[in-house]
Structure formats: C-alpha cells, structure tokens
Amino acid sequence: MKKLIFTLSTINAVLNALVIAIFMEPEIIVLYKLDGTPGITSSRWWFLIYVVLPLIVSAIFFIRDRIRECADSKQRSDSSNDPIEDLLSGKLPQNYNTLLMTVWILAIISWIMTGIALNNIQNISVIIPSIIVIMLSAVTIFITSIYNSAAPNSVCGIKLKWLEHNKKAARRANKISMYLGVMSGMIGVLLAAWSLVISSNLPNCIAIAELVTVSYVLPISVSYVLAKKNKRYGKS
C-alpha cells in the first residue's frame, strides 16, 4: 500500500512541477503581508518546496518499509491483495490512514499555493474563503473514505442508537455514506473553484451547506430509514 501511495505522490509531484515550469511566471509572489498584500517576490522554483513535501513524506515511509523487509525475512502483508481496492473502500490499517491523510492534505496545499502564484493574486484575503472550502472538502473526502472501517453501529463516525442491533442496515448505510461523502467533497472543490472564477462567495456558501447536508444529514437520515425498514421485516 505504501508503494501505491508513493507512486501517486510521484505522479502528483511531476504534474505539479510541469504546471509550474510551463505556466508560472519566472518571478512570483512567495510571501504576503499580514494585511494580505504582496510582501516578497522570488523565483517560481521556490514553490517546488510545496510540491515535494507529500513526495518526501511518502518516500520516507516507503523506504522504511523496504529496509524492514530486507532486515526481516518475514513477508509483510497488507489488509488485502489489492491495494487499490483497499484505498477505495477505506479498509486500511490506522497507520496507512494517517499516511494517506497527511499526503493528501500536503498535495492539496501544494496545488492551492500553485494556483495562488499562477493567478498572481494581489490580495490573498479575497481567496481565503475558497481555500477553507477546498480544505474542508479534501478532509471530507478522506474521512468518508474510511467509513467502512468505522464502528458497525455508526455512520459518518457518529454512533447511532438505531443501528446498534441492525448490522445489515449499518453496512448499507456505511457504504451509502462513503459514496455520498466523496461525491460531496468533489462538488465542494468544484464550487470553491467556481467561486474564484466569478469572484463571489455565493458558491462557497452553497458548498458549505452541501457538505453538511450530503455528507452528514443525508447519510444519517438514510440510515434511520434503512434501520426502520429492516426492523419492520425482521431483518438484522
């Protein structure tokens, strides 16, 4: 699994570096003052720091595993034979979840910083709402991707009383919440990007409402309906 995360980090770093090399101006703003106005300008290659951070983190874990495998004759085993299936289903050990979350957040930050530099923004305060929405959407996608490994009587990481003795409803609710959460996070990113395009915070407000409703309110409501339906027919 760590090999897969390292591979994805490498692809992300290459794509981000190409964007910087092709589209970014040679001199760009690298630091803003407290009032949001430009402070220091420097070479565009300064932004490679953000690009390589997720790659460095994933590389450290990947190399550490390779060293352990060489020192230990016992073959390490992941949660299944298919790491991509594990990644999509959320059935990962806790250390993989932590690594995946760290790399994901760092990758999002690198693209946000690249976007700021590409647009040569003269006052960073105007895009802070969009940055917040993008980060919340990214966290939502990650959190919802691990719903299947949550407690059997919970949805969205929240324990629900009506699922305590209804395993079938809990499994269905977890699966539905995972798909809704990932979809909601992607919509949130798109709305935040649209907010930057039209210079209005209305899409950001819609994104916040959509994240709360689709990622939490709707899955919990669906779980209640499923639990009542299964109880009515005597299923568990």
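Good morning. The protein chain before you has a secondary structure of seven helices and four strands, and I should say at once that this is a predicted model. Followed along the sequence, the elements run α-β-β-α-α-α-α-β-β-α-α.

I turn to the overall figures. The protein chain has 236 residues, and 39% of them count as buried. Among the contacts with a separation of 6 or more, 70% join residues that are 24 or more positions apart. The accessible surface of the chain is about 13600 Å², and carbon and sulfur atoms account for 68% of that area.

Let me take the interior next. The largest nonpolar core contains 24 residues, and M24, I28, Y32, F47 and I116 have the most contacts inside it. At least two residues of this core come from each of helix 1, strand 1 (27–32), helix 2 (48–71), helix 4, helix 5 (128–144) and helix 6 (167–198). Helix 4 supplies the largest share, namely five residues. A second core, separate from this one, has nine residues, including A169, A173, L226 and A227.

F47 merits a closer look. Which residues does F47 touch, not counting those up to four places away in sequence? They are I20, M24, I28, I29, V30, M113, T114 and A117. Two of these partners, M24 and I28, were named a moment ago, together with F47, among the residues with the most contacts inside the largest core.

I now move to the surface. L8, I11, V14, L15, L18, I22, F23, W111 and L118 make a nonpolar patch of about 860 Å². Helix 1 (2–23) and helix 4 (94–118) are the elements that give two or more residues to this patch. Helix 1 gives the most, with seven residues.

One member of the patch is F23, which is placed in helix 1. Is F23 buried or exposed? F23 counts as exposed because its relative accessibility is 58%, and the cut-off for that class is over 50%.

My last residue is I158, which lies in strand 4, residues 158–159. I158 has a relative accessible area of 37%, and is therefore partly exposed. Beyond its neighbours within four places in sequence, I158 is in contact with N153 and I220. How far apart are the C-alpha atoms of I158 and Y216? Their separation is 9.3 Å, although the two residues are 58 residues apart along the chain.

Thank you for your attention.

Methods
Residues are numbered from 1 along each chain as its sequence is written. This is a predicted model: local features need pLDDT of at least 70, side-chain atom pairs count only at pLDDT 80 or more; totals for chains, interfaces and linings use all residues. Side-chain values use heavy atoms; hydrogens and water are left out. Buried means under 20% relative accessible area, exposed over 50%, partly exposed in between (1.4 Å probe, protein chains only). Contact means heavy atoms within 4.5 Å. Accessible areas come from the Shrake-Rupley method with a 1.4 Å probe; for residues, only the protein chains shown count as cover. Patches are made of residues with over 30% relative accessible area and no salt bridge: like charges are joined within 9 Å, nonpolar side chains (Val, Leu, Ile, Met, Phe, Trp, Tyr) within 5 Å. A salt bridge is a side-chain nitrogen of Lys or Arg within 4 Å of a carboxyl oxygen of Asp or Glu. A nonpolar core is a set of buried Ala, Val, Leu, Ile, Met, Phe, Trp, Tyr and Cys residues joined through side-chain atoms within 4.5 Å.
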